[in-house]
Amino acid sequence: MVNNREHWATRWGFILAAAGSAVGLGNIWRFSYVAGENGGAAFLIIYVLCVIFIGFPVMMAEFMIGRRGQSDAVGSFQKLAPGKPWFIAGGLGVAAAFIILSFYGVIAGWSLKYFFSYLTGGLWSTPAGEDGYAGYFVNFITDPVEPIIWQAIFMAITIGIVIFGVKKGIEKANNILMPALAILVVLLALYSLTLGGAREGLAFLFSPDWSAFTEPSVYLAAMGQAFFSLSLGMGAMITYSSYLEQHHKLPGSAGTIIGFDTLFAIFAGVMIFPAVFAFGGEPNAGPGLVFITLPEIFESIGGFGIIVGILFFFLLTSAALSSALSLLEVAVAYFIRKLSIDRRTTTLLIGTIIFLLGIPSSLGIGVLSGFTPLGERDILDSLDYISGNIMLPLGGLIIALFVGWAWSKEEIYKESDLGDTPLANAFLWILRIPVPIFIAIVFIWMAFQL
């Protein structure tokens, strides 16, 4: 299929952008507290297995759809299966991108606020009051105005980059962000190992409690984290791969992206858990682990802790930005085609709508905290649950069924770049049988927890 669609300048530009989509708050903020709440090493082992045996096949399937379709998340399905309802998966992806980026921008705004507060001295010079960093964090996120201002700044940065397009905006930004993130997470992990909690932290992360393998919740948490972390089911990988030219090979790219994402999550764990144990923190401290526990640790380090805090929250904000770019691009690519308007106008329009959709998530922690759409979950947690545990697995399930069953063997051999080989047959079998079964189990379980 030949069209005038923009393409990546280089293969590595695509890999870094897709890795940037995968590497985000999910690898640092979310991975840390989810691993902490689900037994550390046991969760990590199951997570890695989910990434290899479910994440890789689904990512390959998304790449195959995008590269062949050469259109957005919905348009690719409509090109490849005209008149068939498979495009629902693309629609779910676009909707999920809207929802996820709406609350993702809120949390990224928190990180941006902390980065500037460390940079200017506003954080480490003020929270020594009665409630310390916990009080500082709660007072900030429950304020009806300030978090929205930081959310707006973060979304403005995201919009500003996506306006420039694939090559000049997203690719250039990730060519800078991803190497910087890799260097920072390794340096901070190495530093964390010098703080005195290395043995306990590494044991928590790498020495499993075997009884945890009998807990269904650990498997479900690992599966949900794999989808969220790898940006699967949200249309990002279909959209990004649609900017690939046909000669670009997929298996090596998918393997590199998954490997980078997994290593980043592991290094994030090495960065966080030894520090937590060194200063008597709780690894299962929940979302407050990053915004309360770690600042307390940075203060305990002394003067150098300020520098560590600056670097850490720069890392967290940059990781959030690389993922936000892909989420916004999913929606922008769809509406550029659907509305037939230019990229600049579409990006400004869609970015503004997503920002406005995120305001209730911010207010839901403060003035709207009494509104709990799903049981005891506030607005942000409800949107997180619906998107991460319902929409993404459902989208991934449809994608696996589409490529695994709607395509012929010959098409899969060709589009996967694996040829008629034992590896291709193994990939096809996994995509057809185990992947849909496991995703369906997770989806049904999560749906009943609503």
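Right after helix α13 comes glycine 302, with a positive phi near 105°. Helices here are DSSP runs of H or I with at least four residues, numbered from the N terminus. The model is a predicted one, in which local features need pLDDT of at least 70, side-chain atom pairs count only at pLDDT 80 or more, and totals for chains, interfaces and linings use all residues. Residues are numbered from 1 along each chain as its sequence is written, and side-chain values use heavy atoms, with hydrogens and water left out.

As for α13 itself, its 14 residues (288-301) reach 19 Å from first C-alpha to last, close to the 20 Å expected at 1.5 Å a residue; the expected span is 1.5 Å times one less than the number of residues. There is a bend of about 30° at leucine 294, with proline 295 following within four residues. A bend is the angle between axes fitted to the seven residues ending at a position and the seven starting there. The helix is mostly covered, with 10 of its 14 residues buried, that is, under 20% relative accessible area (1.4 Å probe, protein chains only). Leu294 and Pro295 are among those buried residues. Their cover includes α2, α5, α6, α12 and α14, going by contact, meaning heavy atoms within 4.5 Å.

Then there is α16, residues 379-406. Its 28 residues should span 40 Å at 1.5 Å a residue, so the 37 Å between its end C-alpha atoms agrees. A kink of about 30° sits at methionine 391, shortly before proline 393. This helix is mostly covered too, with 21 of 28 residues buried. At the N-terminal end, aspartate 378 acts as a cap, a side-chain oxygen lying 3.2 Å from the backbone nitrogen of leucine 380.

How values were computed
Helix = DSSP H or I, 4+ residues; strand = E, 2+ residues; numbered from the N terminus. Buried < 20%, exposed > 50% of the residue type's maximum accessible area, 1.4 Å probe, protein only. Polar contact = N/O pair within 3.5 Å; in protein donor to acceptor, adjacent residues only side chain to side chain.
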